[in-house]
Amino acid sequence: MGFLKDIRNLQEQADGQNAQRLMAAGRVASATITAVRDTGETIDDNPTVELDLSVAVDGAAPYAMTHRQTISRLAIPSFQPGATVPVRVDPADPSSLLIG
C-alpha cells in the first residue's frame with residue numbers, strides 16, 4: 001500500500017509543477033464543457049472528473065478534447081455541460097491544459 005501512495009504523491013507533485021508552468025507560460029483560452037464524468041477518484045475529498053471540452057484558442061479553430069482534473073466539490077455546480085471556463089493551454093502541446 002505504501003508503494004502506491006508514493007506513486008500517487010509523485011504524480012500529484014508532477015501535476016503541481018505542470019500546473020505552475022501552465023499558469024506562467026500557457027496561452028489564455030476558453031473551453032466549453034460538453035460532458036462531465038465522475039472518475040470515482042478523490043483528492044482531499046475533491047472529485048477528479050473527466051471533462052469533454054471544446055477548446056477555443058485565439059487564431060486557431062476550436063478543437064475537442066477530454067481533460068481530467070480534480071475540481072473543488074464547491075465548484076462542481078459551475079462545471080456543467082454548456083458552461084464556458086477559462087483555460088491555459090500549453091503552447092507546445094495543445095492537448096495539455098489547465099482549467100482556471
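This is a short chat about a predicted model of one protein chain.

Me: What does the secondary structure of the protein chain come to?
Reply: In this predicted model, the protein chain has one helix and five strands, and read along the sequence these elements follow the pattern α-β-β-β-β-β.

Me: And which residues in the largest nonpolar core touch the most other members?
Reply: Those are L53, V55, V87 and L97, in a core that has 17 residues. The elements that give two or more residues to this core are β1 (27-43), β2 (46-56), β4 (84-90) and β5 (93-99).

Me: Which element gives the most to this core?
Reply: That is β2, which gives four residues.

Me: What is V55 in contact with, leaving aside its neighbours within four places in sequence?
Reply: With those neighbours left aside, V55 is in contact with S30, A31, A61, P62, Y63, M65, V87, V89 and L97, and of these contacts V87 and L97 are, like V55 itself, among the core residues that touch the most other members.

Me: Changing topic, where is S96 found, and why does it count as buried?
Reply: S96 is found in strand β5, and it counts as buried because its relative accessibility is 15%, while buried means under 20%. Leaving aside neighbours within four places in sequence, S96 is in contact with N18, R21, L22, R88, V89 and D90.

Me: How about the protein chain overall, what share of its residues count as buried?
Reply: Of its 100 residues, 29% count as buried, and the accessible surface of the protein chain comes to about 6,300 Å², with 55% of that belonging to carbon and sulfur atoms.

Key: Residues are numbered from 1 along each chain as its sequence is written. This is a predicted model: local features need pLDDT of at least 70, side-chain atom pairs count only at pLDDT 80 or more; totals for chains, interfaces and linings use all residues. Side-chain values use heavy atoms; hydrogens and water are left out. A nonpolar core is a set of buried Ala, Val, Leu, Ile, Met, Phe, Trp, Tyr and Cys residues joined through side-chain atoms within 4.5 Å. Buried means under 20% relative accessible area, exposed over 50%, partly exposed in between (1.4 Å probe, protein chains only). Contact means heavy atoms within 4.5 Å. Accessible areas come from the Shrake-Rupley method with a 1.4 Å probe; for residues, only the protein chains shown count as cover.
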